[in-house]
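Biologist: I would like to learn how to read a protein model, one feature after another. Could you give me the general idea each time and then turn to the case in front of us?

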Amino acid sequence: MGMMIKFKKSMMQTFEMTDLGKMRFFLSIEVLQKSEEIFVCQQKYANDVLKKFAMSESKHVKSPIVPGSKINRDIDGAMMDDTYFKQIVGSLMYLTATRPNIMYNVSLISKYMSKPTELHLQSTKRILRYLKGTTSYGIFYRKEREENLLAFTNSNYIGDKDDSKSTFGYVFLLSLGAVSWMSKKQPIVTLSSTKVEFMAVAASACQAMWTRRVSRNLTHSQDNSTVIM
């Protein structure tokens, strides 16, 4: 808190500015702050996205993707308007700023923005239908909870049937709230599930080192090791 007050005073001495108090809304991200907790979400933006693409009255589904389904290039499928498809995907990408739970699905459909088909559009609309019932979801941070960085990582061996590449991802938690997350297709074709897991853990370890360094610069140091689950 002292560092923040000192920073604001130094900025006011250099620039003409007004202190509006605690942040409540910034670039479509809603911030609800209390003395012991902070909650960030994009509820208004999510509702605007649903309204923009005529999905406000759609039926809610419990998962953003059909369990066990695989999405491919669908070469023989009916082609769709790529501009419209890109608008939906772009809006969903911005939602991942506070919604790690749709990161994998949005990254998956973004691969087909150049030549989207009816299959890809339906997969995208399913994410919107999932969003319909979860607009209030976000990230919750609570003071004086677990202060050590904790990571979870996973991968799917040969998850992409088009090029036989695997996808891996991770999420880092601090005070039980997500602070960093990613879902990415690996750049090479791995020949075993062991190598896929190794690459996923190696990428997570690099991210852990970077996140710990940033935390240290923000006066939050951690002496013991970071656990990667």
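**Helices, sheets and spaces**

Modeller: Let us begin with a pair of helices, where helix 2 passes helix 5 in a left-handed crossing. Please keep in mind throughout that this is a predicted model.

Biologist: How should I read such a pair, and at what angle do the axes of helix 2 and helix 5 cross?

Modeller: In general, two packed helices are described by the angle between their axes and by the distance between those axes. Here helix 2, which covers residues 43-52, and helix 5, which covers residues 118-132, have axes that come within 10 Å and cross at roughly 135°. Because of that angle, helix 2 is oblique to helix 5.

Biologist: And how does helix 2 pack with helix 3?

Modeller: Helix 3 is made of residues 82-95, and its axis lies 11 Å from the axis of helix 2, with an angle of about 170° between the two. Angles over 145 degrees count as roughly antiparallel, and therefore helix 2 is described as roughly antiparallel to helix 3. Helix 2 also passes helix 3 in a left-handed crossing.

Biologist: Before we go on, how many helices and strands does the protein chain have?

Modeller: The protein chain has six helices and eight strands, and if you read along the sequence you meet them in the pattern α-β-β-β-α-α-α-α-β-β-β-β-α-β. As for its extent, the C-alpha atoms fill a box of roughly 60 × 45 × 35 Å, taken along the principal axes.

Biologist: How do I read a sheet, and in what order do the strands of the antiparallel one stand?

Modeller: The general idea is that strands of a sheet pair through backbone hydrogen bonds, either parallel or antiparallel. In this structure, four strands form an open sheet in the order 1-2-3-4, and the pairing is antiparallel. Its edge strands are strand 1 (25-26) and strand 4 (138-142), each of which pairs on one side only.

Biologist: Which residues are bridge partners between strand 3 and strand 4?

Modeller: Strand 3, residues 37-41, pairs with strand 4 in the antiparallel sense over five bridges. Among the partners, phenylalanine 39 is matched with phenylalanine 140 in strand 4, while valine 40 has isoleucine 139 as its bridge partner in strand 4.

Biologist: What joins strand 2 to strand 3?

Modeller: A hairpin makes the join, passing through three residues. Strand 2, residues 29-33, and strand 3 are paired in the antiparallel sense over four bridges, and the partner of glutamate 30 in strand 3 is cysteine 41.

Biologist: What is the strand order in the open sheet with mixed pairing?

Modeller: That open sheet has four strands in the order 7-6-5-8, and its edge strands, strand 7 (177-185) and strand 8 (227-228), each pair on one side only. Strand 5, residues 150-156, pairs with strand 8 in the parallel sense over two bridges, and leucine 150 stands opposite valine 227 in strand 8.

Biologist: How can one find empty space in a model, and what is the volume of the largest cavity?

Modeller: Rolling a probe the size of a water molecule over the atoms shows where empty space is left. The count comes to one cavity of 30 Å³ or more, and the largest cavity has a volume of about 40 Å³. Its lining includes Ile71, Tyr104, Leu108, Asn156 and Thr167, and by class the lining residues divide into four nonpolar, three polar and two charged.

Biologist: And which elements supply the lining of the second largest pocket?

Modeller: Helix 4 (103-109), strand 5, strand 6 (167-174) and strand 7 each supply at least two residues of that lining, with strand 6 giving the most, namely five residues. The second largest pocket has a volume of about 280 Å³, and of the 15 residues that line it, Tyr104, Gly169, Tyr170, Met182 and Ser183 lie nearest its centre. By class, the lining of this pocket has nine nonpolar, six polar and no charged residues.

Note on methods
Residues are numbered from 1 along each chain as its sequence is written. This is a predicted model: local features need pLDDT of at least 70, side-chain atom pairs count only at pLDDT 80 or more; totals for chains, interfaces and linings use all residues. Side-chain values use heavy atoms; hydrogens and water are left out. On a 1 Å grid over the protein atoms alone, a cavity is a set of points where a 1.4 Å probe fits but cannot get out, and a pocket is an open set with protein on both sides within 12 Å along at least five of seven lines; lining residues have an atom within 4 Å of a point. Grid points are joined across faces, edges and corners, and a volume is the space filled by probe spheres set on the points. Ala, Val, Leu, Ile, Met, Phe, Trp, Tyr, Cys and Pro count as nonpolar, Asp, Glu, Lys and Arg as charged, and the others, Gly among them, as polar. Two strands pair if DSSP finds at least two bridges between them. Axes are lines fitted to C-alpha atoms, for helices over the stretch in contact, and angles run from 0 to 180 degrees between N-to-C directions. Angles under 35 degrees count as roughly parallel, over 145 as roughly antiparallel, 65 to 115 as roughly perpendicular and the rest as oblique. A crossing is left-handed if the near helix is turned anticlockwise from the far one by less than a right angle, and right-handed if clockwise.
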